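Me: Please take a close look at one loop for me, and then show me how the parts around it are put together. I work at the bench, so spell out any cut-offs as you go.

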Amino acid sequence: MKAARFFALLMQLLLASCAAAVAQDRVMPVGDSPSVRPGGGNSVSGLRKWWENFNKYRVLGGPRKDTVFTVPDGKRLRLDALTLYHYNRGRGAEAGMVTLLADGHEIGSWAASRRDKVYWDVFPGITLEAGSYTIECSSSSTWSYNSGSQNAGFAQVYGELLAGDSDDSPLVVFGIMRVSL
């Protein structure tokens, strides 16, 4: 129990220090920021999953906390795709909009494509500078979450780290989040 509390506090400290990053000039567009995958298609197949908070446990709808991921200092992230999970008691949800924010300011909003009834995919095609980013969607009531995701909406971030060290192997935190340091 003490170890879990320690790791939770450590994660809060890490996120707080990353949130202090400069908000301006953190996004560089790549092309026209399409909502379909560059080169055609609307599948995340073949893309590198860089971060996620999915897990295999029972889900609820309507996250109670923001879904936030952080690009480490000294790095940039080429953001290829975002996937959100909308189980909605097995019914899924019609795809809507997925929005990315930095310090409360909208970076972009993309029309999602629906995959396998429960997944929403968008393909931003942008490069993000170091800092913390919040994912939102147009149907938060159907967006899945649970305590294993820290009560944040389930999301997967696909992309590649750029600049800095060449070691971008995933680090698993709490067994559910993947970040590259």
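**The loop around Asn88**

Reply: Asn88 counts as partly exposed because its relative accessibility is 23%, a value that falls between buried (under 20% relative accessible area) and exposed (over 50%), using a 1.4 Å probe and protein chains only. Before going further, please keep in mind that this is a predicted model, in which local features need pLDDT of at least 70, side-chain atom pairs count only at pLDDT 80 or more, and totals for chains, interfaces and linings use all residues. Residues are numbered from 1 along each chain as its sequence is written, and side-chain values use heavy atoms, with hydrogens and water left out.

Asn88 sits in the loop that runs between strand S4 (67-85) and strand S5 (97-102); strands here are DSSP runs of E with at least two residues, helices are runs of H or I with at least four, and both are numbered from the N terminus. Asn88 is not a glycine, yet its phi is positive, at about 50 degrees. Gln150 is another non-glycine residue with a positive phi, in this case about 65 degrees. You will find Gln150 in the loop between strand S10 (144-145) and strand S11 (155-162), and with 37% relative accessibility it is partly exposed.

Which residue can we use to look across from Asn88? Val59 is a handy choice: 29 residues separate it from Asn88 along the chain, while their C-alpha atoms are 8.7 Å apart. Val59 belongs to the loop between strand S2 (49-52) and strand S3 (60-61), and at 18% relative accessibility it counts as buried. Apart from neighbours within four places in sequence, Val59 touches Tyr85, Tyr87, Ser144, Tyr145, Asn146 and Phe154, where a contact means heavy atoms within 4.5 Å.

The loop that holds Asn88 also supplies a partner for a salt bridge, which here is a side-chain nitrogen of Lys or Arg within 4 Å of a carboxyl oxygen of Asp or Glu. Arg114 bridges to Glu94, with the closest N and O atoms 2.7 Å apart. This pair ties together distant parts of the chain, since Arg114 lies in strand S7 (residues 113-115) and Glu94 in the loop between S4 and S5, 20 residues away. Arg114 is partly exposed at 32% relative accessible area, whereas Glu94 is exposed at 61%.

The count of salt bridges comes to 4. Among them is the one between Arg115 and Asp121, at 2.6 Å from N to O; Arg115 is partly exposed at 22%, while Asp121 is buried at 0%. Another joins Glu52 to Lys49, with closest N and O atoms 3.7 Å apart. Glu52 is buried at 9% relative accessibility, and Lys49 is partly exposed at 29%.

Now for the strands on either side of the loop. S4 runs antiparallel to S9, the two being joined by 9 bridges, and strands are said to pair if DSSP finds at least two bridges between them. One example is Arg78, which stands opposite Thr127 in S9. S5 also pairs with S9 in the antiparallel sense, over 4 bridges, and there Leu100 has Ile135 as its bridge partner. Strand S9 (residues 126-137) has 11 of its 12 residues buried, so it is largely enclosed by the rest of the structure.

These strands also feed the largest nonpolar core, a group of 25 residues in which Phe69, Leu77, Leu100, Leu128, Ile135 and Val157 have the most contacts. Such a core is a set of buried Ala, Val, Leu, Ile, Met, Phe, Trp, Tyr and Cys residues joined through side-chain atoms within 4.5 Å. At least two core residues come from each of S2, S4, S5, strand S8 (119-122), S9 and S11, with S4 giving the largest share, 6 residues. Leu77, beyond its neighbours within four places, has contacts that include Trp50, Phe69, Leu128 and Val157.

Finally, a word on confidence. The chain averages a pLDDT of 79, and 67% of the residues score at least 70; pLDDT is the predictor's confidence in each residue, from 0 to 100. Residues 13-37 fall below 50, and this stretch has 57 contacts in the model beyond near neighbours in sequence. Residues 164-181 also stay under 50, with 48 contacts beyond four places in sequence. Where pLDDT is low, the predicted coordinates should not be read in detail.
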